[in-house]
Amino acid sequence: MKSILKKTASVLCAGVMSLSMMASGVTASAAEEEIPQPDENGVYGQAGISWMIMDWWDYRRGTSEPAMDETGKMEISSTYHDVNITGNGSYTVDMSGYDCKDVSGGDYNCGYFGLYLELPLEAPDEEEGFQPTVVVNIDDVTIDGVKYTFVEQPIPEDSELDGKMLKIKNAYGEPAVTEPPMDNKAWNTTDPITINFTISGLPTDKIEGFADETVEKICGNGDISKDPPIGGETSEAESAAESTAESTAESEAPAEEVPVAEEEATSESKAESKAEKPAETEEKTEEKSNTGLIAGIAIAAAAVIGVVTALAAKKKK
């Protein structure tokens, strides 16, 4: 009886140990699968800025897609500098050229704004004491010229794509805990927005001097200031440029040529004018001559009358 019990106990213990080893093997295997592995170029994935404007619905979901309007058919003009992650180290991503306030005239919140990563990041779990192997810490972010440092790190969340996001602004929840305090308002300028972050826990360190670390991605015209005016209206700068161009064209335009017919008519008119002037002079000269002749005749007649009168007087005597 005892031997049977011993054999049974031995079998049970072996079974438990086997199950335990199998479980630990599965756990180890799963943990290994979660650690990113680099591709043939040493790249683990990409990181960049992702955002969505609440109620205006312009968005950029991740590094594999451009920024789009709410229809998902028109690219929103903006520029991004994403990065290829090649190992543990510090990286910088940025975006510029976009401000929904300039487009709409409104004041909006960010549905979300944050750091998007194509890495299988896991969130820490305090209850189970789980600490992820690969950790991303945001060192600082600069928005509208204000630099924010992080008091508490955002927890990685599933994104709309396959990656993870560390949300800095979150109108559907709480913004990141920063100094100075972060709000959920959309940015007010098209100036560059930068995020500096550090990655640890990858199998290798960052490849220093990696030629393709920064990846520039231009959406639409690259900057909303380069977009055509809404509704076909002309901007002040364009109006000034057009006015200057018109003035320059007018000043440089050659003098208008007088048609040949008009030129001949003008010449004839001048000739007639010149011909009329001598005729008028001759008439005046004749008038003067006639007046002088008449005056001379009158004087002569008066002299004759005087002589005749004197002779008559002498005869009477």
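Strands β3 and β4 form a hairpin with 3 residues between them, and Gly87 in the turn has a positive phi of about 150°. The structure is a predicted model, in which local features need pLDDT of at least 70 and side-chain atom pairs count only at pLDDT 80 or more, while totals for chains, interfaces and linings use all residues. Residues are numbered from 1 along each chain as its sequence is written, and side-chain values use heavy atoms, with hydrogens and water left out.

## Strand β4 and its partners

Strands in this report, like helices, are DSSP runs numbered from the N terminus; a helix (H or I) has at least four residues and a strand (E) at least two. Two strands are said to pair if DSSP finds at least two bridges between them. Strand β3 covers residues 78–85 and strand β4 covers residues 89–96. β3 and β4 pair in the antiparallel sense over 3 bridges, and Thr79 stands opposite Ser96 in β4.

Strand β4 also pairs with β11 (residues 193–200), in the antiparallel sense and over 7 bridges. Here Ser90 has Thr198 in β11 as its bridge partner. Strand β4 is mostly covered, since 6 of its 8 residues are buried. Buried means under 20% relative accessible area, exposed means over 50%, and partly exposed lies in between, with a 1.4 Å probe and protein chains only.

## Two buried polar residues

Arg60 is placed in strand β2 (residues 59–60). Arg60 counts as buried because its relative accessibility is 1%. A polar atom of the Arg60 side chain lies 3.5 Å from the backbone oxygen of Gly62. Contact means heavy atoms within 4.5 Å. With neighbours within four places in sequence left aside, the residues in contact with Arg60 include Trp51, Glu65, Tyr80, Asp82, Tyr112 and Lys217.

Asn170 is found in the loop between β9 (164–169) and β10 (178–179). Its relative accessible area is 9%, and Asn170 is therefore buried. Not counting residues up to four places away in sequence, Asn170 touches Cys110, Gly111, Tyr112, Pro175 and Asn184. Tyr112 thus appears among the contacts of both Asn170 and Arg60.

## Backbone geometry

Most residues other than glycine have a negative phi, and most peptide bonds are trans. The following table lists places in the loops with other values.

| Place | Backbone value | Loop |
|---|---|---|
| Asp55 | phi near 75° | between β1 (45–53) and β2 |
| Asp144 | phi of about 50° | between β6 (135–143) and β7 (146–150) |
| Glu179 to Pro180 | omega near -5° | Pro180: between β10 and β11 |

The phi of Asp55 is positive in a residue other than glycine, and Asp144 likewise has a positive phi although it is not a glycine. Asp144 is partly exposed because its relative accessible area is 27%. The peptide bond from Glu179 to Pro180 is cis.

## The chain as a whole

The protein chain holds 4 helices and 12 strands. Of its 317 residues, 30% are buried. Among contacts between residues at least 6 apart in sequence, 73% join residues at least 24 apart. The accessible surface of the chain comes to about 20,400 Å², and 55% of this belongs to carbon and sulfur atoms. Accessible areas come from the Shrake-Rupley method with a 1.4 Å probe, and for residues only the protein chains shown count as cover.

Conventions: Polar contact = N/O pair within 3.5 Å; in protein donor to acceptor, adjacent residues only side chain to side chain.
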